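I sat down with this one to look up a few helix details. Here are my notes, in the order I took them.

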Amino acid sequence: MPSFLNIFPAAIAAAIAIPALIILYFLKLRRREMAVSSTLLWKKAIQDLQVNSPFQKLKRNLLLLLQLLLLIALLLALSRPVTHLARSAGKMTVILVDRSASMSAKDINNGRSTRLDEAKRRAKDLVSSLDRGDYAMIIAFDDSAETLHPFTTDAQALRSAIDSIQPTDRPTKLKLAYQLAEAQSNFNPEQLRVVQKPTVWLFSDGNASDAKDLELRAELKYDPIGSSTSSNVGVVALSAKRNYETPTQVQVFARLADFGPTPVKAQVQLSIAPIDPANPSKLDFQVMRIADTQLLPEHWSEQDRQTAEKDQGLSARDSVEFNVDLTTAAVIKVEQMRKEGDALAADDVATVVVPPPKNLRVLLVTDGDYFLEKAINSLSLKDPITIDPLAYEASFDHTDDSNPAKFDVIVFDRYKPQKLPVSGAFMYFGTVPDHLKLKAVMDGDHFATIKGSEVLDWRRSHPLLRHLSLAKVEVAELIKLNVPLEDEVLVDGTAGPLMVLHREGRQIHLVVAFDLLQSNWPLRVSFPVFMQNAMQFLAVGSEMGVRESYSPGSTPRIPRMNIDRVDPNLKQVRLDKPNGTTLLTIPQTGDFALPPLDQVGVYTTTPAIPQYEQIAVNLLDANESDLTPATSPPGGVGESLAQAGGKSRLELWWWLIACGALPLLLIEWIVYTRRVHV
């Protein structure tokens with residue numbers, strides 16, 4: 001059934017032009033009056049005088065009919081009549097099928113099918129319309145493009161290639177797909193000199209992030225897939241970092257966005273899965289926090305938002321922040337919980353990997369302390385070393401692993417060091433270095449001390465003192481300290497501070513202001529627990545960052561040195577993916593690149609490769625989360641079938657001019673010239 005794209009301007013023109021033409025034929029000629037002696041010789045003139053009034057009776061007139069038909073043909077052409085033909089492949093057809101993240105949205109057939117399912121169905125229908133001898137090829141794309149089948153006349157092979165297309169969580173980019181399709185314009189399967197340019201069919205929702213950069217020198221038919229009213233809430237930003245004041249505390253920030261038509265409330269859930277070194281691929285997430293958000297549609301204008309806030313009392317709250325304590329390796333997951341009616345699952349979850357505490361190298365500098373040596377040796381440390389003060393000062397001249405700069409934590413027992421590495425973590429028992437802003441009160445050349453003290457209070461929430469009871473700890477002699485305001489007093493005694501945490505530059509200093517041997521603390525259960533907490537705290541403090549997360553489609557490159565740390569002769573590694581497992585062969589030399597990580601989720605390497613034990617892949621792409629299909633072809637190239645129910649549009653105006661107006665104009669000219677000469 002034809003329709004008109006320009007009906008109203010054409011109707012206005014018709015309302016003016018057609019009556020004007022007819023009125024011209026109603027008008028009579030105005031005659032000049034002349035006096036004559038007789039009318040006998042002027043019978044023809046008398047007949048003319050009878051019709052010399054302003055209007056005459058309209059008579060049958062072939063010229064008027066021709067002119068009316070010509071005018072009607074031109075007015076119909078002005079109205080731009082079109083008809084819509086069922087989709088039909090041409091002689092040479094390139095079929096582009098979008099497999100990106102947004103095509104996994106379930107908004108087809110009342111949520112029973114994905115957009116990719118619908119795109120594949122329409123592409124196979126197009127293949128079924130191929131005539132004998134017609135050629136077609138299949139290209140699947142996301143942010144890359146892949147030829148699944150070259151030009152062929154085999155419809156069954158083309159349908160099988162379409163069925164083989166699998167969804168990915170990668171973003172949508174069309175430039176490579178267009179270039180690949182355009183490259184086929186010079187392909188001639190019959191090796192003829194005359195090459196016909198192919199018709200390109202695009203089955204996609206059209207949300208390409210590179211739409212402004214697209215060019216295509218071929219005829220494009222864009223068949224948009226998806227509903228414009230789909231509801232989707234997605235996590236579009238996630239960051240995590242350690243608190244420099246409290247390194248065991250991880251701050252997690254997430255932002256959500258509503259790409260649906262109406263405001264929504266969405267809960268955000270934070271879960272944590274500790275990483276088991278014996279089974280790193282098994283992640284048992286435990287819910288830790290829940291927060292609420294109020295989201296306004298991203299497509300709303302600022303005026304819409306202000307109206308909603310004023311009239312409905314809706315105030316946008318699209319960000320959440322969590323603080324969690326972590327002393328072990330873990331995976332943190334942020335998930336939006338509004339799943340009902342949500343069309344896309346890939347953007348509901350985002351994860352971040354928190355690396356394990358560093359395997360510390362610990363150096364104990366002491367003249368001998370049974371309790372401290374016993375406590376350090378009982379911890380799970382990598383070859384702790386004990387040396388005396390003289391050996392410590394001399395070791396700065398060494399270039400091997402005995403240099404103090406090679407150690408992560410140095411513990412000083414009753415010895416005031418003359419030198420310190422420029423960075424690191426340091427613990428002091430019964431001593432304080434001279435060059436710190438945290439000062440000990442001096443009595444001549446010795447520390448000023450206070451006799452007798454008991455624990456008055458302690459920071460029970462601090463990671464260093466978690467699960468400790470210090471109520472009955474007594475100290476015989478205490479160093480008197482001048483504590484800067486920015487320092488943390490972790491344990492307070494009846495006579496002054498007993499434990500202080502001090503930061504200066506790239507150094508962390510934990511000062512215990514008494515000699516262990518002059519207290520009852522080493523005999524209490526809380527002491528070995530404290531040493532364990534202290535090592536965990538300092539281990540985390542030396543590794544402040546969290547692991548980088550990757551976008552879908554990334555191919556992380558693992559340095560050779562990381563592989564050699566596991567086994568220089570390692571030949572294979574297992575990659576556990578969200579949708580299966582792959583066994584990868586490691587090259588004998590050089591770095592090792594992982595295959596594209598196409599799905600969101602957590603990937604695990606076995607055996608665990610340092611820094612790549614777990615790899616987080618997140619969508620975090622507002623362009624993919626926005627499921628509103630583009631109504632016009634991406635890049636403004638070609639024809640959209642959105643207004644034709646998936647059919648191709650054929651404009652008829654030039655047919656009216658070529659087959660109607662021009663022949664009528666010729667006939668009208670012939671009739672007019674003949675009447676003039678008669």
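**Helix pair H4 and H5**

I started with helix H4 (residues 115–128) and helix H5 (residues 155–163), whose axes come within 10 Å and cross at roughly 175 degrees. Axes here are lines fitted to C-alpha atoms, for helices over the stretch in contact, with angles from 0 to 180 degrees between N-to-C directions. H4 and H5 are therefore roughly antiparallel, a label for angles over 145 degrees.

I then listed who touches whom, contact meaning heavy atoms within 4.5 Å. Lys120, Ala123, Lys124, Val127 and Ser128 in H4 meet Ala155, Leu158, Arg159, Ile162 and Asp163 in H5. By class, this contact of H4 with H5 has five nonpolar, one polar and four charged residues.

**A note on the source**

This is a predicted model: local features need pLDDT of at least 70, side-chain atom pairs count only at pLDDT 80 or more, and totals for chains, interfaces and linings use all residues. Residues are numbered from 1 along each chain as its sequence is written, and side-chain values use heavy atoms, leaving out hydrogens and water.

**Helix H8**

Which residues of H8 (residues 370–377) are buried (under 20% relative accessible area, 1.4 Å probe, protein chains only)? I found Leu372, Ala375 and Ile376. They cover an arc of only 95 degrees around the axis, so they sit on the same side of H8. On the face turned away from that side I noted Tyr370 and Lys374 as exposed, meaning over 50%. At the N-terminal end, Asp369 caps H8, with a side-chain oxygen 3.2 Å from the backbone nitrogen of Phe371.

**Whole protein**

I closed with the totals: 13 helices and 35 strands, and 47% of the 678 residues buried. Helices (H or I, at least four residues) and strands (E, at least two) are DSSP runs.

Note on methods:
Arc of directions from axis to C-beta. Polar contact = N/O pair within 3.5 Å; in protein donor to acceptor, adjacent residues only side chain to side chain. Parallel < 35°, antiparallel > 145°, perpendicular 65-115°, else oblique. Nonpolar A, V, L, I, M, F, W, Y, C, P; charged D, E, K, R; others polar.
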